[in-house]
Structures are given as structure tokens and as C-alpha cells.
Amino acid sequence: MNIKTIIFALIILPIGILLTSCGNNAYSDNVTLNTASEEYFSQTVPTTLSTVQATNPLIPSSEITKPASENNTKENNNTELSDIFANLGGDDLNKYFISYSITKEIEKRIFGISYKENEKISLNDLKYINVLYYGFDGESHVGELIVNKGIADDIIDIFIELYELKYPIEKMVLVDEYNADDELSMSDNNSSAFNYRVIAGTDRLSNHAKGLAIDINPLYNPYVRTSKGKQLISPDNSADYADRSKNFEYKIQKGDDCYNAFIKRGFSWGGEWSSSKDYQHFEKVLK
């Protein structure tokens with residue numbers, strides 16, 4: 001054995017092993033897995049939302065699913081998702097529901113859009129969450145939310161329950177994809193949570209601004225109130241769903257799966273408010 005080989009064995013190789021070990025644990029301080037399993041890091045987490053994966057440190061860039069156009073057809077992509085998630089259950093299912101602290105990548109996406117500098121809530125008060133959900137197409141999708149860290153565990157448990165029940169949600173991306181325009185997000189039936197904004201028509205902060213509220217399938221579950229004898233409905237394109245005596249798909253109502261999943265964990269529902277009705281809206285007050 002020559003002197004160069006000895007130097008490599010004694011110095012260079014241990015340094016490489018140390019750096020590899022540090023890299024493998026780079027997110028250990030700010031990641032909460034519902035099931036603590038290192039196997040997650042070797043799993044492929046396919047998604048139709050490349051922006052979710054591009055900013056998720058737990059999903060290597062090599063595992064980002066190509067857009068449908070690059071995978072021949074959207075149907076092929078959905079079949080792949082369905083095949084992978086079809087038999088998930090227990091611990092295998094839980095490890096796809098993840099919360100972690102706001103990374104620099106996520107901060108770049110939201111700063112100056114859904115998140116504004118303020119004295120009420122800091123980025124350290126928030127958690128970024130990935131969940132699985134069943135879309136209106138009946139296939140599995142990866143969704144993203146930002147919520148207050150005080151309700152992060154509840155939100156993960158809720159969406160595990162809804163996923164197991166195959167509860168349909170059309171889409172779930174950050175409101176920043178709509179430039180934090182709540183009306184645009186709702187009219188596109190996007191389910192979302194955090195958005196630093198005031199309650200419409202007031203100067204009071206919404207519970208969305210604190211990350212303590214979430215809207216589910218808002219197009220089919222609008223905000224409705226009467227002012228000066230005139231009914232106001234939001235989003236604007238949801239008038240067909242304001243009459244809750246009608247039967248239609250995706251309607252949230254007392255006693256259904258969505259309602260029960262939130263209420264049993266201490267959330268209140270806007271559909272039970274007295275002065276106005278916000279059928280999409282669930283919120284929780286932290287003690």
C-alpha cells in the first residue's frame with residue numbers, strides 16, 4: 001500500500017462519509033413525519049403538481065413526475081398514481097402526510113404574496129404540509145397547505161381520515177398560485193388555508209391570516225350573507241350552490257364525512273354561523 005492510498009483511507013474517506021451522513025439528516029430538525037421511517041426517503045412520491053415537489057425537500061428532484069405531455073397522456077400519469085397509492089394503508093399511508101417548517105424555497109414562493117411582513121404572525125408560527133387527496137377524477141393527488149403550527153397535527157389527521165374515506169377534493173395548492181387573490185382561488189375551487197388578509201369588507205384579520213382556517217371545495221360551498229336586503233355570494237360563480245336545500249355533489253353539510261372530521265377535532269364550521277354562512281370554512285381557536 002503506497003502513501004497516497006494510506007492518506008485517502010485515513011483522511012479523505014472518513015470526511016466523505018461524514019458529509020454524506022450530514023446530508024441525509026439535513027431536514028431532521030424541522031421535519032415531522034406522521035410515521036418516523038427512513039424508508040420514506042427512498043420512496044417515489046409522484047404528483048401532478050411539479051411546484052409541490054420542486055419546493056419539497058423530502059422529494060428528490062430526480063423523482064419529480066414529468067408533466068402529462070411528457071408522459072404521453074394524462075391518463076397514463078393518473079394510472080401510475082392510482083397503482084402506487086391503491087393499496088396504501090396504515091404506516092405506508094401515513095408517511096405520505098408530512099408537515100415541516102417553512103423552508104427558504106417555500107418562503108420565496110409566499111413572501112410578499114400570501115405572507116406579508118407583520119407583527120402578528122411569523123414564518124416560525126407556520127407549517128407547510130403535504131397530503132394525499134382524491135380528486136374529482138377519482139385518482140390520488142398530492143396537495144399542499146400552509147397552516148398554523150398549532151393545528152398542523154390536526155390537519156394531517158383530518159386529511160388522512162378524508163383520504164381513507166375517498167372524500168373528493170378538486171384541487172389543493174397554495175393561494176400564492178392565484179397571487180393570493182381569494183376570489184380567484186375560490187372560483188377555481190381550490191382548497192386552501194393560510195393567507196395573510198383581512199375579512200372582506202372589514203379591517204379585521206381573518207383567521208386565514210393566522211393559519212387557523214381552511215376552505216374546502218369553495219366553489220360548491222360558498223360564503224353567503226344578506227346585506228340591505230340583497231344576497232351576497234362569494235365566489236361570484238357559485239350562485240348555483242348558495243341554496244343549501246338543493247342536492248348536489250361536493251356539498252358540505254352537518255353530519256357528513258368532511259364536517260365530522262373537522263368537528264371531532266375541535267374545529268367550528270362556517271355553515272353554522274348565525275349572521276352569515278361560510279359553507280367552505282372550518283376554523284379552530286387555539287387555547
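This briefing covers one sheet, the internal spaces, and selected side-chain contacts of the structure above. The model is predicted. Three strands make up an open antiparallel sheet in the order β7-β6-β9, and the largest pocket, at about 620 Å³, takes lining residues from β6 and β7, among others. The count of salt bridges comes to nine.

**Sheet β7-β6-β9**

- The strands of this open sheet follow the order β7-β6-β9, with antiparallel pairing. At its edges are β7 (230–234) and β9 (277–278), each of which pairs on one side only.
- Five bridges connect β6 and β7 in the antiparallel sense. Across this pairing, V224 stands opposite I233 in β7.
- β6 and β7 form a hairpin, and two residues lie between the strands. In the turn, K228 has a positive phi of about 55°.
- On the other side, β6 (residues 223–227) is joined to β9 by two bridges, and the two strands run antiparallel. Y223 has D278 in β9 as its bridge partner.

**Largest pocket**

- The largest pocket holds about 620 Å³ of space. Its lining consists of 27 residues, and those nearest the centre are I199, A200, Y223, W273 and D278. Two of these names recur from the sheet: Y223 and D278 are bridge partners.
- Two or more lining residues come from each of α7 (182–187), β6, β7 and β10 (281–283). The largest share, three residues, is that of β7.
- By class, the pocket lining has nine nonpolar, ten polar and eight charged residues.

**Cavities**

- Two cavities of 30 Å³ or more turn up in a search of the whole structure. The largest cavity encloses about 50 Å³.
- Residues lining the largest cavity include S114, E144, L145 and I146, as well as V173, L174, V175 and D176. S192, A193 and F194 also belong to this lining.
- The lining of the largest cavity has seven nonpolar, two polar and two charged residues.

**A polar contact from β4**

- S140 lies in strand β4 (residues 140–148). S140 counts as buried because its relative accessibility is 2%, and the cut-off for buried is under 20%.
- The side chain of S140 is in polar contact with the side chain of Y163, at 2.5 Å.

**Salt bridges**

- K284 and D154 meet through their side chains in a salt bridge of 2.6 Å, N to O. The pair links distant parts of the chain, with K284 in the segment after β10 and D154 in helix α6 (residues 152–164), 130 residues apart. Both K284 and D154 are buried.
- K264 forms a salt bridge with E161, and their closest N and O atoms are 3.3 Å apart. K264 is in the loop between α8 (257–263) and β8 (268–269), whereas E161 is in helix α6, 103 residues apart.
- The K264 and E161 pair has one exposed and one buried member: K264 counts as exposed at 54% relative accessibility, while E161 is buried because its relative accessible area is 15%.
- E161 also meets R265 in a salt bridge between side chains (2.9 Å, N to O). R265 sits in the loop between α8 and β8, 104 residues from E161 in helix α6.
- R109, E144 and E177 are joined into one network by salt bridges that share partners. E144 is also one of the residues lining the largest cavity.

Note on methods. Residues are numbered from 1 along each chain as its sequence is written. This is a predicted model: local features need pLDDT of at least 70, side-chain atom pairs count only at pLDDT 80 or more; totals for chains, interfaces and linings use all residues. Side-chain values use heavy atoms; hydrogens and water are left out. Two strands pair if DSSP finds at least two bridges between them. Helices (H or I, at least four residues) and strands (E, at least two) are DSSP runs, numbered from the N terminus. On a 1 Å grid over the protein atoms alone, a cavity is a set of points where a 1.4 Å probe fits but cannot get out, and a pocket is an open set with protein on both sides within 12 Å along at least five of seven lines; lining residues have an atom within 4 Å of a point. Grid points are joined across faces, edges and corners, and a volume is the space filled by probe spheres set on the points. Ala, Val, Leu, Ile, Met, Phe, Trp, Tyr, Cys and Pro count as nonpolar, Asp, Glu, Lys and Arg as charged, and the others, Gly among them, as polar. Buried means under 20% relative accessible area, exposed over 50%, partly exposed in between (1.4 Å probe, protein chains only). A polar contact is a pair of N or O atoms within 3.5 Å; within protein, one must be able to donate a hydrogen and the other to accept it, and residues adjacent in sequence count only if both atoms are side-chain atoms. A salt bridge is a side-chain nitrogen of Lys or Arg within 4 Å of a carboxyl oxygen of Asp or Glu.
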